[in-house]
Amino acid sequence: MDVVEAIRKRRAVRKYTDQPIPEATMDRLVRMALAAPTGSGAQAWGLMLVRDPQVRAQLADLIITGGGRYFATMRPKKEGTTDEEHVQWGRDYAEQILGSYRLVPAWAIGALVPRDNYPAAMREGGHLDDVMSVAFAMENLFLVARSEGLGTVPTTAFQRFEKDRLREILGMPPEVDPLIVTPLGYPEGGFPEGRPPALQRSFRTWRSLVSDDQWGKTRE
């Protein structure tokens, strides 16, 4: 699969099998991820693969629980339900759509590792460069994974509720920030086709997002 096809066919996968991933494939994923651009050449990143069954189980539970809190926060409460019922709905919905995360043979974590190579005047912008560099690396990983028939889903919000607990599970020091987490495995029933109905209704067309020469002069 060439890179254009991988970009077109990459989708967020939330249903997985427990089929093992070959070691050579895992090595290829991380090596290609770390071929990404890195701001100022700092390599202010670290990739972590989690395959130990006990650690995977703890990580899956943390992400699924965080997903429940996220859904309950982001979705409006159904008329006539209590706050407690809405919170429970979030938990149930997370179990429904993310429950197979407990089956995945591996997780990948893209972490920001401060290198302190920016002077004070550049520190704020330098931090943003480092965050983007982690995102560049993980996008490489997502695309190579798709080319290998592996599913991923970039997770940036669910772990925010329990960052310290996540660091504890992964043995990370407090200065390391696990920015992006993804399950890594073979999709159950194949890759999703198209976008979910809710996104189809709200997704902007590419032409409306591209301006030529002057901002707002879009192709649409």
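Colleague: Let's start with Tyr118: in which loop is it found?
Modeller: Happy to, and please keep in mind that this is a predicted model. Tyr118 is found in the loop between E2 and H5.

Colleague: Is Tyr118 buried or exposed there?
Modeller: The relative accessibility of Tyr118 is 12%. The cut-off for buried is under 20%. Tyr118 falls under that cut-off, so it counts as buried.

Colleague: How far apart in space are Tyr118 and Ala42, C-alpha to C-alpha?
Modeller: In sequence, 76 residues separate Tyr118 from Ala42. In space, C-alpha to C-alpha, the two are apart by 9.3 Å.

Colleague: And which residues is Tyr118 in contact with, leaving aside its neighbours within four places in sequence?
Modeller: One of these partners, Ser40, is found in the loop between H2 and E1. With the sequence neighbours left aside, the contacts of Tyr118 are Gly39, Ser40, Arg123, Gly126, Asp129 and Asp130.

Colleague: Ser40 caught my eye in a torsion plot; what is its phi?
Modeller: Most residues other than glycine have a negative phi. Ser40 is exposed, with a relative accessible area of 55%. Its phi is positive although Ser40 is a residue other than glycine, with a value near 60°.

Colleague: What about Asp213: is it buried or exposed?
Modeller: Asp213 lies in the segment after H7, and it has a positive phi of about 70° without being a glycine. Its relative accessibility is 74%, and the cut-off for exposed is over 50%. Asp213 therefore counts as exposed.

Colleague: Let's move to the strands: how many residues of E2 are buried?
Modeller: In a regular strand the side chains alternate between the two faces of the sheet. In E2, Ala106, Ala108, Gly110 and Leu112 point one way, while Trp107, Ile109 and Ala111 point the other way, and all are buried. The buried count for E2, out of its seven residues, is seven.

Colleague: In what sense do E1 and E2 pair?
Modeller: Strand E1 covers residues 45-50 and is joined to E2 by six bridges. At one place in this pairing, Leu49 stands opposite Ala108 in E2. The sense of the E1 and E2 pairing is antiparallel.

Colleague: Which residue in E3 is the bridge partner of Ala106?
Modeller: Strand E3 (residues 177-184) runs antiparallel to E2, and seven bridges join the two. The E3 bridge partner of Ala106 is Leu184.

Colleague: Now the interior: which element gives the most to the largest nonpolar core?
Modeller: That core has 28 residues, and Leu59, Ile63, Leu98, Tyr101, Trp107, Ile109 and Leu170 touch the most other members. Two or more residues each come from helix H3 (53-74), helix H4 (83-98), strand E2 (106-112) and helix H6 (163-170). With six residues, the element that gives the most is H3.

Colleague: How many residues are in the other core?
Modeller: This other core lies apart from the largest one. Its members include Ala33, Ala108, Ala137 and Leu179, and its residue count is 12.

Colleague: Back to Ile63: leaving aside its neighbours within four places in sequence, which residues is it in contact with?
Modeller: Ile63 is among the core members that touch the most others. Beyond its sequence neighbours, the contacts of Ile63 are Tyr101, Trp107, Thr155, Phe158, Gln159 and Val181.

Colleague: For docking folk like me, what volume does the largest pocket have?
Modeller: Its lining comprises 34 residues, and Ala12, Arg14, Val153, Pro196 and Leu199 lie nearest the centre. By class, 20 of the lining residues are nonpolar, four are polar and 10 are charged. The pocket volume is about 1200 Å³.

Colleague: Which element gives the most residues to the lining of that largest pocket?
Modeller: The elements giving two or more residues to the lining are helix H1 (3-9), H3, H4, helix H5 (123-147) and helix H7 (197-202). With three residues, the top contributor to the lining is H3.

Colleague: And His86: which residues does it touch, not counting those up to four places away in sequence?
Modeller: His86 has its place in helix H4. At 10% relative accessibility, His86 counts as buried. Past its sequence neighbours, His86 touches Ala72, Arg75, Pro76, Lys77 and Lys78.

Colleague: Last one: how far apart in space are Glu23 and Met122, C-alpha to C-alpha?
Modeller: Glu23 lies in helix H2 (residues 23-33) and is partly exposed, at 45% relative accessible area. Glu23 and Met122 are 99 residues apart in sequence, and their C-alpha to C-alpha distance in space is 40 Å.

Technical notes:
Residues numbered from 1 in each chain as written. Predicted model: local features only at pLDDT ≥ 70, side-chain atom pairs only at ≥ 80, totals over all residues. Heavy atoms only, no water. Core = buried A, V, L, I, M, F, W, Y, C linked by side-chain atoms within 4.5 Å. Buried < 20%, exposed > 50% of the residue type's maximum accessible area, 1.4 Å probe, protein only. Helix = DSSP H or I, 4+ residues; strand = E, 2+ residues; numbered from the N terminus. Contact = heavy atoms within 4.5 Å. Pairing = 2+ DSSP bridges. 1 Å grid on protein atoms, 1.4 Å probe; cavity = no way out; pocket = protein on both sides within 12 Å on 5 of 7 lines; lining within 4 Å. Points joined across faces, edges and corners; volume = space filled by probe spheres on them. Nonpolar A, V, L, I, M, F, W, Y, C, P; charged D, E, K, R; others polar.
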